[in-house]
Amino acid sequence: LVLAATLAAGGPLLFEAPNGKWVVMSRAGEVLRTFSELAGKRVLDAAVSPDMKRWAFLSPDAGKDRLWLWEEGGKAPREVPPAGDVLNNPAFSADGQWVYFIQNDIEAMARPKEPMRYSQVWRVRFEGGAPQKLTDTRGCHMWPTPLPKGGVLFTHATCHGGRGVDLLPAVGAAEQQLRDTESEHGETAID
């Protein structure tokens, strides 16, 4: 199995298997569900809320990859209005109220001489509302991971090789670059 989705804090694990099926697994290793579609739409990337009732997923069925929000047993899935070209890496907040994702700006990628702001962290309230841009800094941001007590960790790359881990402590706060340090056991720790 290949880990292909950001994990909800304290929630189940979500994997994409080599056969293209998605697998939801408890933290104890029990397979809870397998699927290749949600709400009748093909799934390219997905996230599930900690209570496994809400889903955020990317589907190409509308002609372009779009982010959809869906609650099992509820209404039809709702498409998140695109703010740019490509969405990826959905992740739920610990309370299941927010979905964090990455928005890539293809036009910015075509302007290599300007400051590079290729991909940024966004969020949208599951119940509705417009997406909110949380970062606007140079580089490629990936894999937003909401923390149980607030804040969002995400990887940050220069788009040309350099990378690190950043912390967005709260909405509107400046992001903070975390420093990787080697522990005495050769493991990487975050200060």
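Q: How do you know that Arg123 lies over the face of Trp98 in this predicted model?
A: Check the distance to the ring centre: Arg123 is 3.4 Å from that of Trp98. The cut-off for CZ of Arg is within 6 Å, along with a limit on the angle to the ring normal, and Arg123 is listed as lying over the face of Trp98.

Q: What puts Lys41 over the face of Trp68?
A: It's a similar argument, with 4.3 Å from Lys41 to the ring centre. For Lys the atom is NZ, and the limit is again within 6 Å, so Lys41 counts as lying over the ring of Trp68.

Q: How many aromatic pairs are there?
A: The count is three. One of them joins Trp22 and Phe35, with 6.4 Å centre to centre and 10° between the planes.

Q: Why is the pair of Trp22 and Phe35 called stacked?
A: Its 6.4 Å falls within the 6.5 Å limit for a pair, and 10° is under 30 degrees, so the label is stacked. Trp22 belongs to strand E3 (residues 22-25) and Phe35 to strand E4 (residues 31-35), so these rings tie together parts that are 13 residues apart in sequence.

Q: Are Trp22 and Phe35 buried or exposed?
A: Buried means under 20% relative accessible area. Trp22 has 0%, so it is buried, and Phe35, at 5%, also counts as buried.

Q: What makes the pair of Phe35 and Trp55 edge-to-face or stacked?
A: The planes of Phe35 and Trp55 are 80° apart, with 5.2 Å centre to centre. That angle is over 60, so the pair is edge-to-face. Phe35 in strand E4 and Trp55 in strand E8 (residues 54-59) are 20 residues apart, and the pair links these distant parts of the chain. Trp55 has a relative accessibility of 0%, so it counts as buried. Through ring pairs, Trp22, Phe35 and Trp55 become a cluster.

Q: How do you know that both faces of strand E7 (residues 45-48) are covered?
A: In a regular strand the side chains alternate between the two faces of the sheet. Asp45 and Ala47 are on one side of E7, Ala46 and Val48 on the other, and all of them are buried.

Q: Why do E7 and E8 count as a pair?
A: At least two bridges are needed, and E7 and E8 have four, so they pair, in the antiparallel sense. One example is Ala47, whose bridge partner in E8 is Ala56. The hairpin of E7 and E8 has five residues between the strands, and there Met52 takes a positive phi near 60°.

Q: What about E8 and E9?
A: E8 and E9 share six bridges, also antiparallel. Ser59 has Arg66 in E9 as its bridge partner.

Q: In what order do the four strands form the open sheet, and what makes a strand an edge?
A: The order is E7-E8-E9-E10, with antiparallel pairing. E7 and strand E10 (78-79) each have a single partner strand, so one side of each is left without a neighbour in the sheet, and both stand at the edges.

Q: What lines the largest pocket?
A: Its lining includes Leu69, Trp70, Arg78 and Phe126, around about 230 Å³ of space. Strand E9 (residues 66-71) gives the most, with three residues. By class the lining has four nonpolar, two polar and four charged residues. Gly counts as polar, and Gly74 and Gly128 are among the lining residues.

Terms used
Residues are numbered from 1 along each chain as its sequence is written. This is a predicted model: local features need pLDDT of at least 70, side-chain atom pairs count only at pLDDT 80 or more; totals for chains, interfaces and linings use all residues. Side-chain values use heavy atoms; hydrogens and water are left out. Rings of Phe, Tyr and Trp (its six-membered ring) pair if their centres lie within 6.5 Å; planes under 30 degrees apart count as stacked, over 60 as edge-to-face and the rest as tilted. Buried means under 20% relative accessible area, exposed over 50%, partly exposed in between (1.4 Å probe, protein chains only). A charge sits over a ring if NZ of Lys or CZ of Arg is within 6 Å of the ring centre and within 35 degrees of the ring normal. On a 1 Å grid over the protein atoms alone, a cavity is a set of points where a 1.4 Å probe fits but cannot get out, and a pocket is an open set with protein on both sides within 12 Å along at least five of seven lines; lining residues have an atom within 4 Å of a point. Grid points are joined across faces, edges and corners, and a volume is the space filled by probe spheres set on the points.
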